[in-house]
Amino acid sequence: FQGVSAAEAPILVMGVAGCGKTTFGARLADLLDRPFLDADDLHSPEARAKMAVGEPLTDADRAPWLARLNAALLGAPRLLLACSALKQSYRDRLGAGLSAPLTVICLAADKALIAARLQARDGHFFPQSLMDSQFAALELPRHGLILDAAAPLDTQLARAIEALNLKQRTAGEPPPA
């Protein structure tokens, strides 16, 4: 990331289900005074139902969801989006038409950690039975920051802010106008 300024670029936090995208992304967005969106919030009821019974989504299932997410990014250029975005083609679709390229942060974890997290998760539509399909589809980003999802949250946040050369809001500082 040397020489790359992510100060105004949209940020994508990606990785397999259970890696911590929502927790990390929401906290990073707060620290950076950015709007935050969890991509799960834009899944259709049909897609949620399909996953809930252990059926992976197809690319055709994902197409309208990716279009909704791209529209959200186009409408909020400083958005921080938490989204699995497992394949490069999905990340390309998310970034289509943006004035600045997506800054990608990937939370990487091994299967044992993800299995434990998915098993402990209550009330989420994504079952542990789909974990292997997530790892099978995962294409690590060609350009981006890869963080250890097993590291403490504060360590992940500090590493991201440092690596991306982002300005963190200080306590008591008003949000930008």
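**Helix α2, the nonpolar cores and the cysteines of a predicted model**

In this predicted model, K50 lies in helix α2, which spans residues 45-52. K50 counts as buried, because its relative accessibility is 19% and the cut-off for a buried residue is under 20%. The side chain of K50 makes a polar contact with the side chain of D61, at 2.5 Å. When residues up to four places away in sequence are left out, K50 touches E55, P56, L57 and T58 as well as D61.

K50 shares its buried state with A47 and M51 in α2. Seen down the axis of the helix, the buried residues of α2 fall within an arc of 95 degrees, and they therefore line one face of the helix. Among what covers these buried residues is α3, formed by residues 59-75. Helix α2 is followed by G54, for which phi is positive, near 85 degrees.

The confidence of the prediction varies along the chain. The mean pLDDT of the protein is 84, and 82% of the residues score at least 70. Among the elements, strand β3 (residues 80-82) has the highest mean pLDDT, 97, whereas helix α5 (residues 111-120) has the lowest, 78. Where pLDDT is low, the predicted coordinates should not be read in detail.

In soluble globular proteins, nonpolar side chains tend to be buried together. The largest nonpolar core of this model holds 26 residues, of which V13, F24, L28, I105, L107, L145 and L147 touch the most other members. Two or more residues are given to this core by each of β1 (11-14), α1, β4, α5, α6 (131-137), β5 and α7. Helix α1 provides the largest share, five residues. The surroundings of L147, one of the residues that touch the most other members of the core, can be described further: with neighbours within four places in sequence set aside, L147 is in contact with F24, I105, C106, L107, A108, Q156, R159 and A160. A second core, separate from this one, has 18 residues, including M14, L79, L102 and C106.

Helix α7, which runs over residues 153-163, has Q156, L157, A160, I161 and A163 as its buried residues. What covers them includes helix α1 (21-32) together with strands β4 (103-108) and β5 (145-148). After α7 comes N165, whose phi is positive, near 55 degrees.

Outside the helices and strands, L98 is placed in the loop between α4 (88-95) and β4. L98 is buried, with a relative accessible area of 17%. Although L98 and L74 are 24 residues apart in sequence, their C-alpha atoms are 6.1 Å apart in space. Leaving out residues up to four places away in sequence, L98 touches L74 and also P10 and L73.

With respect to the cysteines, the structure holds zero disulfides. For C19, the nearest cysteine sulfur is that of C106, 7.0 Å away, whereas a disulfide requires the two sulfur atoms to be within 2.5 Å; C19 is therefore in no disulfide. C19 counts as buried, because its relative accessibility is 1%, and C83 is likewise buried, with a relative accessible area of 1%.

Note on methods:
Residues are numbered from 1 along each chain as its sequence is written. This is a predicted model: local features need pLDDT of at least 70, side-chain atom pairs count only at pLDDT 80 or more; totals for chains, interfaces and linings use all residues. Side-chain values use heavy atoms; hydrogens and water are left out. Buried means under 20% relative accessible area, exposed over 50%, partly exposed in between (1.4 Å probe, protein chains only). pLDDT is the predictor's confidence in each residue, from 0 to 100. Helices (H or I, at least four residues) and strands (E, at least two) are DSSP runs, numbered from the N terminus. A polar contact is a pair of N or O atoms within 3.5 Å; within protein, one must be able to donate a hydrogen and the other to accept it, and residues adjacent in sequence count only if both atoms are side-chain atoms. Contact means heavy atoms within 4.5 Å. The arc is that of the directions from the helix axis to the C-beta atoms. A nonpolar core is a set of buried Ala, Val, Leu, Ile, Met, Phe, Trp, Tyr and Cys residues joined through side-chain atoms within 4.5 Å.
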